[in-house]
Structures are given as structure tokens and as C-alpha cells.
Amino acid sequence: MSVRRFVPAEWQLYRALRLAALKDEPDAFLATYAEALEYPDSEWQTRLNVAKNATDFPMCAEWKREPAGLAWARINGDKPAIASLFSVWIAPDYRRRGLAQAILDAAENWAVAQGATELRLEVTCGNVAAESLYRSAGFVDLGEATLRRGTQLFEQLMVKYLSSQGN
């Protein structure tokens, strides 16, 4: 198992994983499958072009060299001590193998290396498995917010306070 950075040339793989995530877990993300399906290729290419930026860390989780999930971490532009983690998803066939924890570890290590002191994320309220994972990894609740316009779903804002030495 491994977690590595996507490179810009992998935009089609990123697109495939992201669409699979949106289809599999429609209530877990800000974007919808229908919206993302309409994005032109240039949108996907542009998204992964930022993979070269130090402030972004698009991750591909692999199981025995097979793409099995994705996530994205980003340093907050106006608050560089805060890193955000979003788009965390593991394909159903690869769940419960430690890949989600590997993503959390990779994101935390990257955030610490960037000088962040907080790692923040949002999880749809009621997603018990994800909430449990995040709490067991040291995340605590910050409050709730609406997931996206036009929905009755809420998301739990969570934070993990990072030490300067990592884990």
C-alpha cells in the first residue's frame, strides 16, 4: 500500500477516481457526479497542473500498485498555518485495509513539512465510518455547516492540531 502525489500527466486517472468517488458517495462531497461529468478535459488538466505547487498535495492511494483512492491537501493561502484535507475517498473493494489511515498520515506529514499547525477537514454528518476514522486519528469537532446549497445535509468541521515534529 502506498500514497503518492498525482502528477499532471495523470489527469485521466484523477478524473476516473474522482468521478467514481462522486458516484459512489453522492452525499460526501461538495461537487456532484452530474456536475463533474460535464467538466471539459481542460478542467481536469488544470486541476492537476497545480500538483506542481508546494501549496497543494493531490494524493493517489494505491493497493499493490493499483489505484484505490484519492484525496487532496492544501495549505490555506491567507492562513498558511492551516492545511485542509478534502476529497478523501477509497474505492469500496479496497476499504478496511488501512488506505484511509495512510492518506491521513501522508496528509499530516506533508502539512507539518509545509509548516502547518492544523489539519482541517469536513465530513458529512451521519457518515459514521468516516467520522470514526477521523476521531480515532485525533481530529476533534469544530462545528457544523451546510454541505452544499440545495441540500438538507450538514457536514461536521473537524481539526487535528499538529505538532512541529509530525505524528
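Trainee: What makes E3 and strand E4 (residues 79–90) count as paired, and in which sense do they run?

Mentor: This is a predicted model, by the way. E3 and E4 are joined by seven bridges in the antiparallel sense. Pairing needs at least two bridges, so these strands qualify. One example: arginine 74 has serine 84 as its bridge partner in E4. The two strands form a hairpin with two residues between them.

Trainee: How do you know that strand E2 (residues 56–63) pairs with E3?

Mentor: Here there are eight bridges, again set against a minimum of two, so E2 and E3 pair. They run antiparallel. Cysteine 60 has leucine 70 as its bridge partner in E3. In this hairpin, with two residues between the strands, lysine 64 takes a positive phi near 50°.

Trainee: On to the rings. How many aromatic pairs does a search of the whole structure find?

Mentor: Seven. Take tyrosine 14 and tryptophan 72: their ring centres are 5.7 Å apart and the planes meet at 70°.

Trainee: Why is that pair called edge-to-face?

Mentor: The centres fall within 6.5 Å, so the rings pair, and 70° is over 60, so the label is edge-to-face. Tyrosine 14 belongs to helix H1 (residues 11–24) and tryptophan 72 to strand E3 (residues 66–76), so the pair ties together parts 58 residues apart in sequence.

Trainee: Why are tyrosine 14 and tryptophan 72 called buried?

Mentor: Buried means under 20% relative accessible area. Tyrosine 14 has 3%, so it counts as buried, and tryptophan 72, at 4%, does too.

Trainee: And why is the pair of tyrosine 39 and tryptophan 44 called tilted?

Mentor: Their centres lie 5.4 Å apart, within the 6.5 Å limit, and the planes at 50° are neither under 30 nor over 60, so the pair is tilted. Tryptophan 44 is buried at 0%, whereas tyrosine 39, at 22%, is partly exposed. Both rings belong to one aromatic cluster, along with Phe6, Tyr14, Trp72 and Phe86.

Trainee: What sits over the ring of tryptophan 44?

Mentor: The charged end of arginine 47, 5.5 Å from the ring centre. Elsewhere, arginine 18 lies over the face of phenylalanine 29, at 4.9 Å from the ring centre.

Trainee: Last one: why is leucine 142 called partly exposed?

Mentor: Its relative accessibility is 43%, which lies between 20% and 50%, so partly exposed is the right label. Leucine 142 is in strand E6 (residues 140–146). Leaving aside neighbours within four places in sequence, leucine 142 is in contact with residues including Arg120, Leu157 and Tyr161.

Definitions and conventions:
Residues numbered from 1 in each chain as written. Predicted model: local features only at pLDDT ≥ 70, side-chain atom pairs only at ≥ 80, totals over all residues. Heavy atoms only, no water. Phe/Tyr/Trp six-rings, centres within 6.5 Å; stacked < 30°, edge-to-face > 60°. Helix = DSSP H or I, 4+ residues; strand = E, 2+ residues; numbered from the N terminus. Buried < 20%, exposed > 50% of the residue type's maximum accessible area, 1.4 Å probe, protein only. Lys NZ or Arg CZ within 6 Å of the ring centre and 35° of its normal. Contact = heavy atoms within 4.5 Å.
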